[in-house]
Amino acid sequence: MRWLVLYTALLIGANAGFNPAFSGEIDWQAAHDGGLAKLAQTEPTPVPATTFTDPDGGTHSLADWKGKVVLLNFWATWCAPCREEMPSLDALQAEMGGEDFEVLAIAAGHNPPPAVKKFLDEEGITHLPVRLDPRQQLAREMGVMGMPVTILIDRDGNEIARLIGGADWSSDTAKELIRQATAP
């Protein structure tokens, strides 16, 4: 009986400090409660291979980022919530972007490169490279109906969460979400 009590106490003590960030799992409820209330976990779904471009005519696909966790944001120069949200995405990329994680912001729809440059300059965005989806092919394939929409993609190239509307991506809650998503 004494061993049972000791074992139970050890088990409870070992799990009392459980932190999902150390197990590679995301605490969706904590993200929701911490300010990302519109973030919805999705069934892991492979992202499409649809290509998008950059202002120099380069072609890219989401497969280029496979192996990294990606926070994919669809935005537009005419979108007021995008203007509010973009500085926080830039700050998140500046602080956490690197080998394991990247913010990928794609201007979807009619967003001429000069208008995109003007938008980014006005908002002081310096850490997000310009990516374009002028015919909204990728946006449509991913079910994006309005903007902004932000999609969390795991290292295997699967959508695992989606947030429709704006959010503060430089918040402590958002950073913790990314730490959990990039944990081994």
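## Order of elements

In what order do the elements of the protein run from the N terminus on? The order is α-α-β-β-β-β-α-β-α-β-α-β-β-α. That comes to six helices and eight strands. The model is a predicted one.

The protein has 184 residues, and 46% of them count as buried. Take the contacts with a separation of 6 or more. Residues 24 or more positions apart account for 76% of these.

## Strand β8 and its partners

Strand β8 covers residues 158-164. Six of its seven residues are buried, so the rest of the structure largely encloses this strand. Two strands pair with β8. One is β1, residues 39-46, which runs antiparallel to β8 and is joined to it by five bridges. Leu 39 has Leu 163 as its bridge partner in β8.

The other is β7, residues 149-153, again antiparallel to β8 and again with five bridges. Here Val 149 is bridged to Ile 164 of β8. Between β7 and β8 the hairpin has four residues, and Gly 157 takes a positive phi near 85° in it. As for side chains, those of a regular strand alternate between the two faces of the sheet.

## Helix α3

Helix α3 spans residues 80-96. Does its length agree or disagree with the expected span at 1.5 Å a residue? It agrees: 17 residues should span 24 Å, and the end C-alpha atoms are 25 Å apart. The helix does have a kink. The kink is about 30° and lies at Met 86, shortly before the proline Pro 87.

The buried residues of α3 are Cys 82, Glu 85, Met 86, Ser 88, Leu 89, Asp 90, Leu 92, Gln 93 and Met 96. Charged residues are among them: Glu 85 and Asp 90. An α-helix has 3.6 residues a turn, so residues three or four places apart point the same way. The buried residues of α3 pack against three strands and two helices: β4 (69-75), β5 (101-108), β7, α4 (113-123) and α6 (172-182).

## The disulfide

How many disulfides does the structure hold? It holds one. Cys 79 and Cys 82 form it, with their sulfur atoms 2.3 Å apart. The link of Cys 79 and Cys 82 is right-handed, with 80° about the S-S bond. Both cysteines, Cys 79 and Cys 82, are buried. Cys 82 is also one of the buried residues of α3.

## Aromatic pairs

The structure holds two aromatic pairs. Phe 52 and Trp 65 form a stacked one, 6.0 Å centre to centre, with 20° between the planes. This pair links distant parts of the chain, 13 residues apart: Phe 52 is in strand β2 (residues 52-53), and Trp 65 is in the loop between β3 (59-60) and β4. Phe 52 counts as buried at 2% relative accessibility. Trp 65 is buried too, with a relative accessible area of 9%.

Trp 75 and Phe 119 also pair. Their ring centres are 4.6 Å apart and their planes are at 35°, so this pair is tilted. Trp 75 lies in strand β4 and Phe 119 in helix α4, so the pair ties together parts 44 residues apart in sequence. Both Trp 75 and Phe 119 are buried.

## Pro 113

Pro 113 is in helix α4. Is Pro 113 buried or partly exposed? At 38% relative accessibility, Pro 113 counts as partly exposed.

Which residues are in contact with Pro 113, leaving aside its neighbours within four places in sequence? They are Pro 55 and Leu 132. Asp 56 lies 57 residues from Pro 113 along the chain, yet their C-alpha atoms are separated by 9.6 Å.

## Backbone details

One peptide bond to check is that joining Met 147 and Pro 148: it is cis, with omega about 0°. Pro 148 is found in the loop between α5 (137-141) and β7.

Gln 136 is not a glycine, but it has a positive phi of about 55°. Gln 136 is found in the loop between β6 (131-133) and α5. With 28% relative accessibility, Gln 136 counts as partly exposed.

Conventions
Residues are numbered from 1 along each chain as its sequence is written. This is a predicted model: local features need pLDDT of at least 70, side-chain atom pairs count only at pLDDT 80 or more; totals for chains, interfaces and linings use all residues. Side-chain values use heavy atoms; hydrogens and water are left out. Buried means under 20% relative accessible area, exposed over 50%, partly exposed in between (1.4 Å probe, protein chains only). Two strands pair if DSSP finds at least two bridges between them. The expected span of a helix is 1.5 Å times one less than its number of residues. The bend at a residue is the angle between axes fitted to the seven residues ending there and the seven starting there. Contact means heavy atoms within 4.5 Å. A disulfide is a pair of cysteine sulfur atoms within 2.5 Å. Rings of Phe, Tyr and Trp (its six-membered ring) pair if their centres lie within 6.5 Å; planes under 30 degrees apart count as stacked, over 60 as edge-to-face and the rest as tilted.
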